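Colleague: Please take a close look at one part of this model for me, namely any enclosed space inside the protein, and then set that part in the context of the chain around it.

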Amino acid sequence: PFSSGVKVKYRQLAVHKQIVSHLDAVDAWFANIRKDLDVPFYSSYDIRDFGHKVVTVDANIYPAGFNNICPTDKEASVPLVKRYIERHYGANAKKILVLTEEHTGNPYYWDNIASLKRMIVEAGFQVEIAFPRMRTGEAMTMASASAGDVVAYAAVIRDGRIVVEGFEPDVVISNNDFSEAYAEWGPIKSALNPPRELGWYQRKKSTFFKHYNRLATEFAQAIEVDPWEFTVETELFENFDMGDDASKEALALRVEAMIARLKVQYEKRGIKEDPVLFVKNNSGTYGLAVMRVQSGDDVRALNYKTRKKMKAAKGGRDVEEVIIQEGVPSIVQSEGGVTAEPTIYLVGCQLAGGFLRTHAEKGPTESLNSPGAVYKRLCVADLKVSVEGNPMENVYGWIAKLGVLAIGLESAEMKVQYQNYTRMTSC
């Protein structure tokens, strides 16, 4: 259950009861969509709970926070890892290669890799860790923050397969988000999961949220709740250029139009807060190239620092298009009244864990995915569907499961192929 000290006002108790009372219909709806989709090995979802609505505001197909998941969830995730690999790749898949980000020295990232490796090893597999694009025969010892050293080898392409010296994996699990295309790696014969083609070099947030909002609407209708409570208004803005006055003015006008629409919705529901928006890189991660705005004039008056921040994404790539997204305030708090948001992890389409991202210097309408964030315990392993059980985990868990269906639909729209993978019609 949630750690003690977490506070939340509670519209979601009513939503929880609606899910429970319509559970058979919801399960059937979910299964009908799931049966035609491929889902990645893992994924994670940043969730914002406004009390008036609860939504996913970001979906990561290459999650890098396994070190933050509570011990109970890590233990419970081991059989989920084993089940996913054996169902999709067969009982003979024994050797797993974990592909990491390129030469990062962040010790908390290596805590994540150590935690991920431990889970896969405990599931009964042989595991090695590898950097892409390192000279064959080299090995690097990376220091983690709390899990000791992690040895990473050189991943190379040999006969169309990703291997390291002396180790030919049956499955390659990527923890590299492919912000860079690694064009020389495709097409390859290896069972790479998640596939390179789902990387940020071509993935679009606008595509994900298109599918997510449609699914959230259907889910809401199935449990007889207003779809507004699960959707997050999101628009694509193309030809983005903060250095061009015409582009900046066009963005400002779109911001003003969305704020006006949100004010109508807020007034209809008696919400007193003023709407805020986020402008985000449409193909970005790590909280880069994100800005919070409350009016069109905020866009018109951007200072040099913010303009510079919005020009480049991970790896120095240019930001060429953005999404304008409804900002969803968070009413979730951790100890001491610190603003928090839950992040939920899935293995396949099974709930695998979670944590609370908190930030003592950020308010309820600000992005918490920034330097200074602290991660607190949040367990979902003992999720219950009884009304007396854990309603927040139930609601947040279902929002995350909407996210993995959206990723499946996103993947299908992009025509992504999972190599050497057997599709399953259920979780």
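Modeller: A cavity here is a set of points, on a 1 Å grid over the protein atoms alone, where a 1.4 Å probe fits but cannot get out. The model is a predicted one, and by this rule it holds two cavities of 30 Å³ or more. I will concentrate on the second largest cavity, whose space comes to about 90 Å³. Its lining is made up of 13 residues, among which Y84, R87, V347, G348 and C427 are the closest to the centre. Helix α3, which runs over residues 71-89, contributes the most to this lining, with five residues. Sorted by character, the lining of the second largest cavity comprises six nonpolar residues, four polar ones and three charged ones.

As for the surrounding chain, it has 427 residues, of which 55% are buried, and it contains nine helices and 17 strands. If one takes the contacts between residues at least 6 apart in sequence, 71% of them join residues at least 24 apart. The surface that the chain exposes is about 17300 Å², and 49% of that area is supplied by carbon and sulfur atoms.

One buried position that repays attention is W110, which belongs to helix α4 (residues 107-122). W110 counts as buried because its relative accessible area is 0%, where the limit is under 20%. Apart from neighbours within four places in sequence, W110 is in contact with T100, T104, G105, I129, F131, M142, A143, S144, V150 and A152. One of these partners, S144, stands 34 residues away along the chain, yet the two C-alpha atoms are separated by 4.7 Å.

Two further helices can be checked against the expected rise. Helix α5 (residues 205-222) has 18 residues and reaches 25 Å between its first and last C-alpha, close to the 26 Å expected. Its buried residues include F208, F209, Y212, L215 and F219, along with K205 and H211. Just after α5, E224 adopts a positive phi of about 60°. Helix α6 (residues 245-268) has 24 residues, so at 1.5 Å a residue it should span 34 Å, and the 35 Å between its end C-alpha atoms agrees with this. Buried residues of α6 include L251, V255, M258, I259, L262 and Y266, and K248 is also among them. α6 is followed by G270, which has a positive phi near 70°.

The loops that lead towards these two helices hold some backbone details for you to inspect. In the loop between β9 (192-193) and α5 lies P194, and the peptide bond from N193 to P194 is cis, with omega near -5°. In the loop between β8 (171-174) and β9, Y182 has a phi near 50°, a positive value in a residue other than glycine. A comparable entry comes from N239, in the loop between β10 (234-237) and α6, where phi is positive at about 55° although N239 is not a glycine. The two residues fall on opposite sides of the accessibility cut-offs: Y182, at 3% relative accessibility, counts as buried, whereas N239, at 67%, counts as exposed.

How values were computed. Residues are numbered from 1 along each chain as its sequence is written. This is a predicted model: local features need pLDDT of at least 70, side-chain atom pairs count only at pLDDT 80 or more; totals for chains, interfaces and linings use all residues. Side-chain values use heavy atoms; hydrogens and water are left out. Helices (H or I, at least four residues) and strands (E, at least two) are DSSP runs, numbered from the N terminus. The expected span of a helix is 1.5 Å times one less than its number of residues. Buried means under 20% relative accessible area, exposed over 50%, partly exposed in between (1.4 Å probe, protein chains only). Contact means heavy atoms within 4.5 Å. Accessible areas come from the Shrake-Rupley method with a 1.4 Å probe; for residues, only the protein chains shown count as cover. On a 1 Å grid over the protein atoms alone, a cavity is a set of points where a 1.4 Å probe fits but cannot get out, and a pocket is an open set with protein on both sides within 12 Å along at least five of seven lines; lining residues have an atom within 4 Å of a point. Grid points are joined across faces, edges and corners, and a volume is the space filled by probe spheres set on the points. Ala, Val, Leu, Ile, Met, Phe, Trp, Tyr, Cys and Pro count as nonpolar, Asp, Glu, Lys and Arg as charged, and the others, Gly among them, as polar.
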